[in-house]
Amino acid sequence: MTSSDKTKVLLVEDEVIIARDIHHMLTNTGYDVVAVVNTASEAIEKAKELKPDVVLMDIMLEGKRAGVEAASYIYFNLNIPIIYMTAYTDQITVEQAKKSEPFGYLLKPFEERELRTTIEVALYKFKMENRLKEREQWLSTILTSIREGLIATDAQGRITFMNPLAVKLTGWPEDKALGQSLNKVVKIIDENKQKIIKIPLKDLHSGSQFVFPPRCLLANREGHLIPIAPLISPIENEKQVISGVVLTLADITAQRKAEEEQLKSLEKMTKAMIGTIQALASTIEMRDPYTAGHQRRVALLSAAIAEKMRLPQETIEAIKLAAEVHDIGKIHIPAEILSKPGQLSELEYNIIKTHPQVGYEVLKNIEFPWPIAEIVHQHHERLDGSGYPQGLKNDQILLEARIIAVADVVEAMASHRPYRPAKAIQEALQEIQKNKGKLYDPEVVEACLSLFKEGYILQA
Ligand SMILES: [Fe+2]
């Protein structure tokens, strides 16, 4: 064995004869005594300089317990294990010595075998302790560096651990949060229901799963709301015993912001697309001055009817947009026919009747959040199947189309058309009343009639 493989021992002993004896024993047993010193300050100096594997330290140096102080410094600052040698076993000395967390005691006088065993046990303990420290350090680094707030509880749901991000998110200092109930420190709100979620700790301890709702907010200690994605799971030890829960909180503020931006730009795009279609639809009205503003007026009346029927906002939007472009198919019809005064021939009327189909063809490939093309397709269908182009009946016709059909008829009759002078609004209302249930949806007719009864006026 070369001297570099041997365990290096620093011997601190102020009694020359004893020092010589121990030195001899150590060398005999195969240790490398790197230095023998007799004062506390020398011990520190040599430990720094020679970096021994272990220090054999006499507690009493120069008549004082000076060894304890030096040992503490060497262990805590230089991370070298200490073994005390002492001839005294009084309680005060032992208590003092304990503070430096020694790895062994040797009561003088001792034998070679005892010396060897004590050193080997101390070195083993020291190695294990270092390994444990490293592991703890590693775990703590992971828990600290993880980009999610992490909170652990005991079996009673009391907080036992919080990583720095959890402290930051909740606004609770760790020392204040430890020992508190998880539900007191972590207030998670179900964003859709606007309700605080009580984490069912008891259920979790009995092994059941708990899934948070899709949109959650964390209300921190100062009352700020932070969008989060929480996850909770039981902590199960190797014996499958649940000893608590672990909650992770991912701050999704940035993600939410990006989603909102995306939604905004989608809305912007949809608006731009709708604007384009409306512009296109209004070109028909330019070719047909008699119907100028017809689609807009039908859209306003349709929306008013839908509102009267208490339909959801989404449906009202769809009806309004579809009505604004419902005659877009007229783009395909020669202007002479569109603006022809007097009665139309059967052929001319048949050409006019192609417009819902053409409108459908124009719109069907545009992706709307609503069935706009279908609604436009069906706006001339009638309940009894007498409409066109498909001759659909009753529920085969979309409600949106049934609403536009009524508004279309009322607006058309009340306004001037090339082939028919404007009839009074009263006549228009009589027409829908007369054909309620036959051609027109009775509920839609009722809504329309009561609108006019309440004073609804068609826009100019
Ligand atoms: Fe039409």
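**Exercises on a predicted model**

Asparagine 79 is exposed, with 12 other C-beta atoms within 10 Å. The model is predicted.

**Exercise 1.** Work out where asparagine 79 sits and what marks its backbone.

*Solution.*
- Start with the place. Asparagine 79 is in the loop between helix H3 (66-78) and strand S4 (82-86).
- Next, the backbone. Phi of asparagine 79 is positive, about 55°, although the residue is not a glycine.
- Then the surroundings. A residue counts as exposed at 12 or fewer other C-beta atoms within 10 Å. Asparagine 79 has 12, so it is exposed.

**Exercise 2.** Is lysine 51 exposed or partly exposed? Describe its backbone too.

*Solution.*
- Lysine 51 lies in the loop between helix H2 (40-50) and strand S3 (54-58).
- Its phi is positive, about 45°, and lysine 51 is not a glycine.
- Count the other C-beta atoms within 10 Å of lysine 51: there are 13, so the residue is partly exposed.

**Exercise 3.** Locate the cis peptide bonds that precede proline 109 and proline 389.

*Solution.*
- Lysine 108 and proline 109 are joined by a cis peptide bond, with omega about 0°. Proline 109 falls in the loop between strand S5 (104-107) and helix H5 (112-145).
- Tyrosine 388 and proline 389 are also joined by a cis bond, with omega about 5°. Proline 389 is in the loop between H16 and H17.

**Exercise 4.** Check the span of helix H17, then say how covered the helix is.

*Solution.*
- H17 covers residues 399-414, which is 16 residues.
- At 1.5 Å a residue, 22 Å is expected; the first-to-last C-alpha reach is 23 Å, close to that value.
- Twelve of the 16 residues are buried, and H17 is mostly covered. Among them are Glu400, Arg402, Asp408 and Glu411.
- The packing partners of the buried residues are helix H11 (294-308), helix H12 (313-324), helix H16 (372-377), helix H18 (425-434) and helix H19 (442-453).

**Exercise 5.** Which element gives the largest share of the largest nonpolar core? Trace the contacts of isoleucine 404 as well.

*Solution.*
- The largest nonpolar core has 42 residues. Those touching the most other members include Ile305, Val376, Ile404 and Val406.
- Elements giving this core two or more residues include helix H10 (253-287), H11, helix H15 (355-363) and H17.
- H17 supplies the largest share, eight residues.
- Now take isoleucine 404. Beyond its neighbours within four places in sequence, its contacts include Val298, Ile319, Ala322 and Ile375. Ser302, His326 and His379 are also in contact with isoleucine 404.
- Another core lies apart, with 35 residues, among them Ile59, Tyr75, Tyr84 and Ala122.

Technical notes. Residues numbered from 1 in each chain as written. Predicted model: local features only at pLDDT ≥ 70, side-chain atom pairs only at ≥ 80, totals over all residues. Helix = DSSP H or I, 4+ residues; strand = E, 2+ residues; numbered from the N terminus. Expected span 1.5 Å × (residues − 1). Buried ≥ 20, exposed ≤ 12 C-beta atoms within 10 Å, placed from the backbone. Contact = placed C-beta atoms within 7 Å. Core = buried A, V, L, I, M, F, W, Y, C linked by C-beta atoms within 7 Å.
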